[in-house]
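Student: Please take a close look at one salt bridge in this model and at what surrounds the topic. I would like the partners, their places in the chain and their burial, and then the other side-chain pairs for context.

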Amino acid sequence: MGVAEMGELTDVKVKDVWDHEAYDFTPWLAENLDKLSRVLDVEMDLEGKEMAVGNLKADIVCRVPTDGSRVLIENQLENANLQHLGQVMAYLAGLEARTVVWVARDFAEAHLSAFRWLNEHTKGEFGFFAVRIRAVTIGDSLPAPLFEVIERPNDWNRQLGNGAKGLSELGKLKRDFWAHYRDRHPDVQRPTPGYAGSNVNDPVPHLDARVSLYPATDGAGIFIASSFDKPSSGLSERLEPYLEHLRSELEKAIAEDGLGHIYGSKHNSRLDIDGYDRANWDKITDWLESRRKIYLRVLTGPAADGDYATTESDP
């Protein structure tokens, strides 16, 4: 059997593919996390872009669905530099991230040594990755991204296998609660299997909003907030007044379902019950799912059509 004819891999300048780091590369990477996840062997769900940390903004922040821990991604289209290394450390503390992924065109040995030292001297649940980004073509093909992991924790595979063991008792309880939710309502897309975080969020893209569900010790609830792309977890100045005209629609839909009322600027709705008593989980998950459907129905229905979608976006 002969050898098939093969093409030659050719590097393309990354700035010929992504013209601007913040406006092009960061949004592209946020939408293509699966490509980075595969080379890291870490599943990641996007939490937000350009998230404020003091006077700085972290490029991309994600959650690991199996334990709810945060992943910080700092990306550059230039070679790694000391300024970004300092920013990475500031973000790590401010965001309480456990995994740091530094993506750059190339790394000096000093930067790799810094991450190597961190991997060797921090607790086992922390991990620091240095990833080189390349753009390549084969013949006349379109350019394709190529991620090369050039620094990673020595025992990362073992850590991944023991991820569940690293959960706190509260984390295990939340993981079990959301697993119960999925079992009770198998058609839902969120939460993902193994999720152990505090909130489950359903995006409402045309409003730059999300519907957020949560369990708590003294109940369970649901509220509306701006999307994770916005700097605040509350409502944007543009979204808040717009949602006021939907309040009556929400109140009406909830009253018809016999589920109480809404309150506050985030249009909160709450069930007062012991949220951590497993005997109550059927009632809680049914309540959350029913309420989630009502919120999404109102936010995506005819009452939500209006001036919002055509109003100039927030700067």
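Tutor: In this predicted model, Arg116 and Glu151 form a salt bridge whose closest N and O atoms are 3.2 Å apart. The two partners come from distant parts of the chain: Arg116 sits in helix α5 (residues 109–121) and Glu151 in strand β7 (residues 144–151), 35 residues apart. Their surroundings can be read from the accessible areas. Arg116 has a relative accessible area of 29% and is partly exposed, because buried would require under 20%. Glu151, with 8%, is buried. The bridge therefore joins a partly exposed arginine to a buried glutamate.

This bridge is one of 20 salt bridges that a search of the whole structure finds. Some of them share partners, and in that way Asp11, Asp106, Arg132, Arg134 and Glu148 are joined into one network. One bridge of interest here is that of Arg134 with Asp11, where the N to O distance is 2.8 Å. Arg134 belongs to strand β6 (residues 127–138) and Asp11 to strand β1 (residues 9–12), so this pair ties together parts that are 123 residues apart in sequence. Arg134 counts as buried at 19% relative accessibility, a value that falls under the 20% cut-off. Asp11 has a relative accessible area of 45% and is partly exposed.

A further bridge connects Arg70 and Glu47, with the closest N and O atoms 2.6 Å apart. Here both partners are in strands: Arg70 in β4 (residues 70–75) and Glu47 in β2 (residues 45–53), so parts 23 residues apart in sequence are tied together. Arg70 is buried at 18% relative accessibility, and Glu47 is buried as well, with a relative accessible area of 6%.

Strand β2 also holds Val53. At 14% relative accessibility, Val53 counts as buried. Apart from neighbours within four places in sequence, Val53 is in contact with Ala58, Ala90, Tyr91, Gly94 and Leu95. Of these, Tyr91 is 38 residues from Val53 in sequence, yet the C-alpha atoms of the two are 6.4 Å apart in space.

Aromatic side chains supply another set of pairs. A pair of aromatic rings is described by the distance of the centres and the angle of the planes. The search of the whole structure finds eleven aromatic pairs. In one of them, Trp18 and Trp28 lie 5.0 Å apart, centre to centre, with 55 degrees between the planes, and the pair is tilted. Trp18 is in the loop between α1 (14–17) and α2 (21–31), while Trp28 is in helix α2, so the pair ties together parts that are ten residues apart in sequence. Trp18 counts as buried, at 6% relative accessibility. The rings of Phe177 and Trp178 also have their centres 5.0 Å apart, but their planes are at 75 degrees, so that pair is edge-to-face. Both of its members are buried: Phe177 at 2% relative accessibility and Trp178 at 1%. Ring pairs also link Trp18 and Trp28 with Phe25 and Phe147 into a cluster.

Trp28 has a part in a helix contact too. Two packed helices are described by the angle between their axes and the distance between the axes. Helix α2 packs against helix α3 (residues 33–40) at an angle of about 70 degrees, with the axes 5 Å apart. The two helices are therefore roughly perpendicular to each other, a label used for angles of 65 to 115 degrees. On the α2 side the contact involves Trp28, Leu29, Ala30 and Glu31, and on the α3 side Leu33, Lys35 and Leu36. Sorted by class, the contact has five nonpolar, no polar and two charged residues.

As for the whole protein, it has nine helices and eleven strands. Buried residues make up 46% of its 315 residues. Among the contacts with a separation of 6 or more, 59% are between residues 24 or more positions apart. The bridge you asked about links residues 35 positions apart, one in α5 and the other in β7.

Terms used. Residues are numbered from 1 along each chain as its sequence is written. This is a predicted model: local features need pLDDT of at least 70, side-chain atom pairs count only at pLDDT 80 or more; totals for chains, interfaces and linings use all residues. Side-chain values use heavy atoms; hydrogens and water are left out. Rings of Phe, Tyr and Trp (its six-membered ring) pair if their centres lie within 6.5 Å; planes under 30 degrees apart count as stacked, over 60 as edge-to-face and the rest as tilted. Helices (H or I, at least four residues) and strands (E, at least two) are DSSP runs, numbered from the N terminus. Buried means under 20% relative accessible area, exposed over 50%, partly exposed in between (1.4 Å probe, protein chains only). Axes are lines fitted to C-alpha atoms, for helices over the stretch in contact, and angles run from 0 to 180 degrees between N-to-C directions. Angles under 35 degrees count as roughly parallel, over 145 as roughly antiparallel, 65 to 115 as roughly perpendicular and the rest as oblique. Contact means heavy atoms within 4.5 Å. Ala, Val, Leu, Ile, Met, Phe, Trp, Tyr, Cys and Pro count as nonpolar, Asp, Glu, Lys and Arg as charged, and the others, Gly among them, as polar. A salt bridge is a side-chain nitrogen of Lys or Arg within 4 Å of a carboxyl oxygen of Asp or Glu.
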